[in-house]
Amino acid sequence: MKFKEIELEQVAGFKSQWPDESIEEIAFVGRSNVGKSSFINAFLGRKNLARTSSKPGKTRTINFYNIDNKFRLVDLPGYGYAKVSKAEKAKWDKLINEYLHDRENLKEVFLLVDIRHEPTNLDLQMYNWIIESGFTGFIIATKYDKISRNQLHKHIKQIMKKLDVADEGLIFAYSSETGHNIGVINEQVEVIVNS
Ligand code: GTP
Ligand code: MG
């Protein structure tokens, strides 16, 4: 799938700022710093469209990227970042949960996890919610460039075990640095958009 017009349509700190529900949305969730915004940049082929940072807690709003007026990709704040105040954490969690629970045009949710680390209990909670909500359960295992090829199997197994993933085909080892598997994910997104 090729993209012609990509636009940051809306930056929303409140529900009242969400764009209308006329087109379907695909959302990307995961811990702070896992690489959600970097994924969106690499996926859309725009280096600095979504703002990224080596420090966790960069994305603090819900950002809606409109693709050819056909669908939207949705970048969410991360969860699980220990170094913010309780109040801030509660605010982000509210934003994320409100979006996931209330959004009628939400077509699919991808969970991003760092391929190097065992998913956390918060990841498990999120993944269970994704499955229970009837979404497919795709997982993007980011930062694949940080491990060696011969460690891949071990890390994929670790993710499958912690999140109780039955089908290995749901997990994409991925790197925003090398673009590994970006074509495969593009094809998957195309299937989702056209289904
Ligand atoms: P929040 O907005 O804080 O929730 O984080 P995020 O999930 O959007 O992460 P972001 O894309 O800002 O990336 C966090 C850091 O990880 C940045 O320094 C990125 O350059 C780096 N990063 C993201 N993806 C990859 C990857 O695939 N490989 C490597 N090596 N670094 C990555
Ligand atoms: Mg981000």
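The elements that cover the buried residues of helix H5 include strand S2 (24–30), helix H1 (36–44), strand S4 (71–75), strand S5 (106–114), strand S6 (139–142) and strand S7 (171–173). This description refers to a predicted model. Helix H5 itself comprises 13 residues (182–194), and the distance from its first C-alpha to its last is 18 Å, close to the 18 Å expected at 1.5 Å a residue. Ile-185, Asn-186, Val-189, Ile-192 and Val-193 are the buried residues in H5. Viewed down the axis of H5, these buried residues fall within an arc of 120°, so they line one face of the helix. Glu-187 and Asn-194, on the other side of H5, are exposed. Such a pattern can be related to helix geometry: an α-helix has 3.6 residues a turn, so residues three or four places apart point the same way.

A corresponding analysis was made for helix H3 (residues 121–132). The end C-alpha atoms of its 12 residues are 16 Å apart, in agreement with the 16 Å that they should span at 1.5 Å a residue. Asp-123, Met-126, Tyr-127, Trp-129 and Ile-130 constitute the buried residues of H3. Down the axis of H3 these fall within an arc of 160°, so they line one face of the helix. The face turned away from this buried side carries Asn-121, Gln-125 and Glu-132, which are exposed. Cover for the buried residues of H3 comes from elements including S2, helix H2 (86–102), S5, S6 and helix H4 (152–163). After H3 follows Gly-134, with a positive phi near 90°.

Strand S3 (residues 62–67) contains Asn-66. This residue has a relative accessible area of 4% and is therefore buried, the threshold being under 20%. A polar atom of the Asn-66 side chain lies 2.8 Å from the backbone nitrogen of Asn-69. When neighbours within four places in sequence are left aside, Asn-66 is in contact with Glu-5, Ile-6, Glu-7, Glu-9, Ile-23, Phe-71 and Arg-72.

Ligand 1 is surrounded by 22 residues, of which Lys-36, Ser-38, Gly-57, Thr-59 and Asp-145 are the closest. Oxygen atoms of the ligand take part in several polar contacts. A backbone N or O atom of Lys-58 is found 2.8 Å from an oxygen atom of ligand 1, and a polar backbone atom of Ser-176 likewise lies 2.8 Å from a ligand oxygen. For Lys-143, a polar side-chain atom is 3.0 Å from an oxygen atom of ligand 1. On its own, ligand 1 has 650 Å² of accessible area, 89% of which is covered by the protein.

Terms used. Residues are numbered from 1 along each chain as its sequence is written. Chains are lettered from A and ligands numbered from 1 in the order in which they are written. This is a predicted model: local features need pLDDT of at least 70, side-chain atom pairs count only at pLDDT 80 or more; totals for chains, interfaces and linings use all residues. Side-chain values use heavy atoms; hydrogens and water are left out. Helices (H or I, at least four residues) and strands (E, at least two) are DSSP runs, numbered from the N terminus. The expected span of a helix is 1.5 Å times one less than its number of residues. Buried means under 20% relative accessible area, exposed over 50%, partly exposed in between (1.4 Å probe, protein chains only). The arc is that of the directions from the helix axis to the C-beta atoms. Contact means heavy atoms within 4.5 Å. A residue is near a molecule or strand if one of its heavy atoms lies within 4 Å of it. A polar contact is a pair of N or O atoms within 3.5 Å; within protein, one must be able to donate a hydrogen and the other to accept it, and residues adjacent in sequence count only if both atoms are side-chain atoms. Accessible areas come from the Shrake-Rupley method with a 1.4 Å probe; for residues, only the protein chains shown count as cover.
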